[in-house]
Amino acid sequence: MSKYVNPFTDIGFKIIFGQPASKNLLITLLNELLAGEHHITELTFLDKEDHADNVSDKGIIYDLYCRTASGEYIIVEMQNRWHSNFLDRTLYYVCRAVSRQIESPSSKEVPVPEDPMTAREPLVSYGKQYRLPTIYGIFLMNFKEEKLEAKFRTDTVLSDRDTGKIVNPHLRQIYLQFPYFTKDLSDCHTLYDKLIYALKNMSNWNRMPDALKEQVFEHLARLAAVADLSEENRIAYDKALDRYRVNQIVEEDERRKNEEMRRKAAEEGLKEGMKAGLEKGEQKKQIEIARKMREDGISIDIIIKYTGLQSSDIENL
């Protein structure tokens, strides 16, 4: 059994990034992801549950929901398995976080007075109530999403379709498809690459590799050590790990089944192709025989009898 928790289980992800002791590690990861765009000095974990406005809506529970010291909001989600409409769900998550900002108390209208003719002044100007902070949605995916490019990282922005110029910088989504990260540790020269490499592979390790010497990996090793989990977390993690392994077995069986179906379909296609080729070759041979028979003056009826060709085929020779 690995010494470290698997970050692609729900509780493993929360142990590594979602507890107060994880804050510095999360800040490091986010700063590596947003390098050149934004630098986080401090962040606060917020209530992960976005309560619904009506009883028929179950609302949202984010994996992590944070606010930086400079006012940006960050959603971090780990998704282990593919499901349909995943990209729509991520957009919905980010849009719900955007709507939270408009629904703050400072943007509410003043209650309507009893006299409808009484003038009312808004608490804030119409334009200012729509001023938004940047909302980041960061999605760690342990699967390939066919609607994204076949690469590890995809960054999306609201931009002009023709020029690519960013129209609104306040909605950002970053998708990380871990199956496409195929670097060996010897090829990881930046802290960013090393962090991604560690997250992808650490559930198979009994100790941190010697090449990961930075202090952040010592911190990661302490946070993720299975032996240091509380009894409650250990029980929850063991259950989550069992579910993870069962899911892997089911997905592997499904993958093998699909491969077998594709192999059989390819074999059938090859057989059909060979059959069609042989039939075409045989027909060509019969046509050549019919041509020679006609040249010798043999009647069409006899040619039809011995070649099996149609009279129209023979007449066109």
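A salt bridge is here a side-chain nitrogen of Lys or Arg within 4 Å of a carboxyl oxygen of Asp or Glu. By this rule the count comes to 12 salt bridges in the structure, which is a predicted model.

**Exercise 1. Determine which strands are linked by the salt bridge between Asp155 and Arg172, and whether each partner is buried or exposed to some degree.**

Solution. Begin with the distance: the closest N and O atoms of Asp155 and Arg172 are 3.0 Å apart, and the cut-off is 4 Å. Next, place the partners along the chain, where Asp155 belongs to strand β7 (residues 153–159) and Arg172 to strand β8 (residues 166–177), so that the pair links distant parts of the chain, 17 residues apart. Then turn to accessibility, for which buried means under 20% relative accessible area and exposed over 50%, with partly exposed in between. Asp155 has a relative accessible area of 35% and is therefore partly exposed, whereas Arg172, at 6%, counts as buried.

**Exercise 2. Examine the salt bridge between Arg263 and Glu260, and find in which helix the two residues lie.**

Solution. The closest N and O atoms of this pair are 2.3 Å apart. Both residues lie in helix α6 (residues 231–295), with their positions three residues apart in the numbering, about one turn of the helix. An α-helix has 3.6 residues a turn, so residues three or four places apart point the same way. As for accessibility, Arg263 is partly exposed at 38%, and Glu260 is also partly exposed, at 32%. Elsewhere, salt bridges that share partners join Glu37, Arg153, Asp155 and Arg172 into one network.

**Exercise 3. State whether Asp210 and Arg207 are buried or exposed, and how their side chains meet.**

Solution. The side chains of Asp210 and Arg207 meet in a salt bridge, with a distance of 3.0 Å from N to O. Both Asp210 and Arg207 are exposed.

**Exercise 4. Classify the packing of helix α4 against α5, and then the crossing of α2 and α4, by angle and by handedness.**

Solution. For the pair formed by α4 (residues 191–201) and α5 (residues 215–224), the axes are 11 Å apart and the angle is about 20 degrees. Angles under 35 degrees count as roughly parallel, and α4 and α5 are therefore roughly parallel to each other; their crossing is right-handed. For the second pair, the axes of helix α2 (residues 23–33) and α4 come within 9 Å and cross at roughly 125 degrees. That angle makes α2 oblique to α4, and the crossing of α2 and α4 is left-handed.

**Exercise 5. Contrast the cover of helix α1 with the surface patch that includes Tyr306.**

Solution. Helix α1 (residues 10–17) is mostly covered, since six of its eight residues are buried, namely Ile11, Gly12, Phe13, Ile15, Ile16 and Phe17. By contrast, Ile298, Ile302 and Tyr306 form a nonpolar patch on the surface, and together they have about 290 Å² of accessible area. Tyr306 is found in helix α7 (residues 300–307) and, at 57% relative accessibility, counts as exposed, because the cut-off for exposed is over 50%.

**Exercise 6. Describe the backbone angle phi of Asn85 and the place of this residue in the chain.**

Solution. Phi of Asn85 is near 60 degrees, which is a positive value in a residue other than glycine. Asn85 lies in the loop between β5 (73–79) and α3 (86–102), and with 47% relative accessibility Asn85 counts as partly exposed.

How values were computed
Residues numbered from 1 in each chain as written. Predicted model: local features only at pLDDT ≥ 70, side-chain atom pairs only at ≥ 80, totals over all residues. Heavy atoms only, no water. Buried < 20%, exposed > 50% of the residue type's maximum accessible area, 1.4 Å probe, protein only. Helix = DSSP H or I, 4+ residues; strand = E, 2+ residues; numbered from the N terminus. Patch = residues over 30% accessible without salt bridge, like charges linked within 9 Å, V, L, I, M, F, W, Y side chains within 5 Å. Areas by Shrake-Rupley, 256 points an atom, 1.4 Å probe, with all protein chains shown as cover. Axes fitted to C-alpha atoms, helices over the stretch in contact; angles between N-to-C directions. Parallel < 35°, antiparallel > 145°, perpendicular 65-115°, else oblique. Left-handed = near helix turned anticlockwise from the far one by under 90°.
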